Amino acid sequence: MGRLDNKVAIITGAASGIGRATAKVFASEGAKVVVADLDDKAGAPLAQELGGLYVSVNVANEESVKSMYAAVVAKYGGVDVLFN
C-alpha cells in the first residue's frame with residue numbers, strides 16, 4: 001500500500017521538470033494522478049503511462065482552471081491533493 005492510495009492528485013505543470021517527477025512519485029504511491037499542463041504532446045502520454053488523466057489547463061486563466069476542476073470531479077468525484 002502506498003501513502004496516497006486512492007487519493008486524487010492534480011499536479012499542475014506535470015508535463016515536465018519537477019511536476020513530471022512529482023507525478024511519477026505520486027502515482028508510485030498509489031494516487032490517481034491528474035497531469036495538468038498546456039503541453040499536450042508531453043502531458044497526454046505521461047497521463048496514459050501513469051494510468052491517470054490529462055487535462056489541458058492554463059493556470060493563468062480562471063475559466064480554464066474551473067474547467068480542469070470540473071473534468072476531475074466528473075472523472076474521480078473530487079480532489080484530495082493539489083500540487084502547484
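A polar contact is a pair of N or O atoms within 3.5 Å, and within protein one of the two atoms must be able to donate a hydrogen and the other to accept it. In the structure described here, which is a predicted model, a pair that can be read in the light of this definition is found at D5, whose side chain reaches the backbone nitrogen of G2 at 3.0 Å. The paragraphs below begin with the protein as a whole and then return to D5 and to several other residues.

The protein contains 3 helices and 4 strands, and, when these elements are read along the sequence, they follow the pattern β-α-β-α-β-α-β. For 84 residues, a compact globule would be expected to have a radius of gyration near 12 Å, and the value of 11 Å computed for the protein agrees with this expectation. The C-alpha trace spans about 35 × 25 × 20 Å along its principal axes. Of the 84 residues, 38% are buried, that is, they have under 20% relative accessible area. When contacts with a separation of 6 or more are considered, 45% of them are accounted for by residues 24 or more positions apart.

The surface may be described by its area and by its charges. About 4800 Å² is exposed by the protein, and 52% of this area is supplied by carbon and sulfur atoms. The protein carries 8 positive and 9 negative charges, and the mean positions of these two sets are 4 Å apart.

Attention now turns to the start of the chain, where D5 lies in the segment before strand 1, the strand formed by residues 8-12. With a relative accessibility of 26%, D5 counts as partly exposed, because this value falls between the limits of 20% for buried and 50% for exposed residues. Although D5 and G30 are 25 residues apart along the chain, their C-alpha atoms are separated by 4.1 Å. When residues up to four places away in sequence are not counted, D5 touches E29 and G30.

One of these partners, E29, is found in the loop between helix 1 (17-28) and strand 2 (32-37). The side chain of E29 reaches the backbone nitrogen of R3 at 2.9 Å, just as the side chain of D5 reaches a backbone nitrogen, that of G2, at 3.0 Å. With residues up to four places away in sequence again set aside, E29 touches G2, R3, L4 and D5.

The segment before strand 1 also holds N6. The phi angle of N6 is near 60°, which is a positive value in a residue other than glycine. The relative accessible area of N6 is 60%, and N6 is therefore exposed.

A further link to this part of the chain is provided by K32, which lies in strand 2 and which, at 33% relative accessibility, counts as partly exposed. Apart from residues up to four places away in sequence, K32 touches N6, K7, V8, A9 and Y76. By contrast, K32 and I18 are 14 residues apart in sequence, and the distance between them in space is 18 Å, C-alpha to C-alpha.

Two loop residues on either side of strand 3 may be described next. G51 lies in the loop between helix 2 (40-50) and strand 3, where its relative accessibility of 61% means that G51 counts as exposed. Between G51 and S64 there are 23 Å in space, C-alpha to C-alpha, while the two residues are 13 residues apart in sequence.

The other loop residue, V59, is found between strand 3 (53-56) and helix 3 (62-76). At 56% relative accessibility V59 counts as exposed, because the value is over 50%. Leaving aside neighbours within four places in sequence, V59 is nevertheless in contact with T12 and V65. The C-alpha atoms of V59 and D40, which are 19 residues apart along the chain, are separated by 15 Å.

Conventions: Residues are numbered from 1 along each chain as its sequence is written. This is a predicted model: local features need pLDDT of at least 70, side-chain atom pairs count only at pLDDT 80 or more; totals for chains, interfaces and linings use all residues. Side-chain values use heavy atoms; hydrogens and water are left out. Buried means under 20% relative accessible area, exposed over 50%, partly exposed in between (1.4 Å probe, protein chains only). Contact means heavy atoms within 4.5 Å. The radius of gyration is taken over C-alpha atoms; the globule rule is 2.2 Å times the number of residues to the power 0.38. Accessible areas come from the Shrake-Rupley method with a 1.4 Å probe; for residues, only the protein chains shown count as cover. Lys and Arg count as positive and Asp and Glu as negative; His and the chain ends are not counted. The place of a charge is taken as NZ of Lys, CZ of Arg, CG of Asp or CD of Glu.
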